[in-house]
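Reader: Hello! I am new to this structure and would love a close look at one part of it. Could you walk me through the sheet and what lies around it?

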Amino acid sequence: MLKIRCSADNSIHLPDMHQCPYFLLKSSLFGICFIAVVSCGSYHYAAPQYSDLPGDHAVVLRNVDNMRFLGGIKNSEGKMLKDSIFFRSANLHHLKKKSMAAFGALGITKIIDLRTPHEIEEKPDHLPPGVDFEQLAAFSDREDQLAQARSLVLKGKVTRKDAEKRMLEFYRDYPVEHPEVIRRIVHEILDSDQPVLYHCTAGKDRTGIISMLILKILKFDDHTILQEYLMSNNQRQKIIEKRLNLAHHLHVLYPKLDIGVLEELSWIRKEYLDETYLSINRKYGSMENYIREILGISEEQQETYIRKFMY
């Protein structure tokens, strides 16, 4: 059976296009599916929010999606973040041996995987030699619930509104559910003296929240942080459009599937990140309190980080 898989970072995954011929040959609905797939029609999705930052921070590494470094942007004090120190990406499951040299040239010495143990077991990173690896999941593994959600999506029992609610809940819970893990992630990144890569599944939600916290500590304003966050839409645009069009073509197989659910779980938007800010403010009073009390970063330590990573 063709499966649409929902990962722990709220992405629903359709099969790659190159897998479709195999599926079609095995299906008794070959004729119908073939017509659907080669149909020249396209799905008209809702307009996503894009970043206005220049795209020269992207790292093009074969089979690694949504990879870039945080750098070349100014904080609220007018100081510039150094390039090629903090890297972020989607998972490294498809990183090939022939790309290891290109990866090594980036100087990354540590990889922090934000995924759950189940996600890592399902799609483990292909790690370059000599790189430290650490798995730090601040998200509880709810695979049984996710499996049930997949079935409900295919049956049309999950709507766009339901998906939006799920996304907002995720962004609300992630920074406060296991704050001790968030604290460790942040310190592993900021205390390193060498370039670090951190990632989740798609490199957009958990990775986006951690990036926001790093930039907050380095005193970046909300607008700049938002633009860096939205860059995932810019970098994943072709992937998402391909996925949505495939879902549209195969809709004959799952007529009750709300493609709006795929949209909601594929794109990111300002309202999601706003929910993280609101969650932190509600529980801890302010972002500053969260940085001081939960992340354990004093004002003096914050200034040390700014001197270390800014110029």
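To start with a detail, which residue in E6 is the bridge partner of Lys 110?

Author: Happy to help! Please keep in mind that this is a predicted model. The residue you are asking about is Asp 132, which is the bridge partner of Lys 110 in E6. That pair belongs to a wider pairing: strand E5 (residues 110-113) and strand E6 (residues 132-135) run parallel and are joined by four bridges. Helix H4 (residues 117-122) belongs to this part too, as E5, H4 and E6 together make a right-handed β-α-β unit.

Now let us step back to the sheet. It is an open sheet of five strands in the order E3-E4-E7-E5-E6, and its pairing is mixed. Strand E3 (68-70) and E6 stand at the edges with a single partner strand each, so each has one side without a neighbour in the sheet. On average, and with direction ignored, neighbouring strands here are turned by 25° against each other.

At the E3 edge, the pairing is antiparallel: three bridges link E3 with strand E4 (residues 86-89). One residue pair to look for there is Leu 70, whose bridge partner in E4 is Phe 86. As general background, strands of a sheet pair through backbone hydrogen bonds, either parallel or antiparallel.

Next, follow the sheet to a helix. Helix H8 (residues 206-217) lies across E3, E4 and strand E7 (196-199), and runs at about 160° to E4. H8 also has a helix partner: H8 packs with helix H9 (residues 222-249) at an angle of about 150°, their axes being 10 Å apart. Because of that angle, H8 is roughly antiparallel to H9. The crossing in which H8 passes H9 is right-handed.

If you would like to find this contact by residue, look on the H8 side for Gly 208, Ser 211, Met 212, Leu 215 and Lys 216, and on the H9 side for Asp 222, Ile 225, Glu 228 and Tyr 229. Sorted by kind, the residues of the contact of H8 with H9 are four nonpolar, two polar and three charged.

So your tour began at the pairing of Lys 110 with Asp 132, went along the five strands of the open sheet, and ended with H8, which lies across E3, E4 and E7, and its packing with H9. I hope that makes this part easier to find your way around!

Definitions and conventions
Residues are numbered from 1 along each chain as its sequence is written. This is a predicted model: local features need pLDDT of at least 70, side-chain atom pairs count only at pLDDT 80 or more; totals for chains, interfaces and linings use all residues. Side-chain values use heavy atoms; hydrogens and water are left out. Two strands pair if DSSP finds at least two bridges between them. Helices (H or I, at least four residues) and strands (E, at least two) are DSSP runs, numbered from the N terminus. A crossover is right-handed if, with the strands pointing away from the viewer, the path from the first strand over the helix to the second runs clockwise. Axes are lines fitted to C-alpha atoms, for helices over the stretch in contact, and angles run from 0 to 180 degrees between N-to-C directions. Contact means heavy atoms within 4.5 Å. Angles under 35 degrees count as roughly parallel, over 145 as roughly antiparallel, 65 to 115 as roughly perpendicular and the rest as oblique. A crossing is left-handed if the near helix is turned anticlockwise from the far one by less than a right angle, and right-handed if clockwise. Ala, Val, Leu, Ile, Met, Phe, Trp, Tyr, Cys and Pro count as nonpolar, Asp, Glu, Lys and Arg as charged, and the others, Gly among them, as polar.
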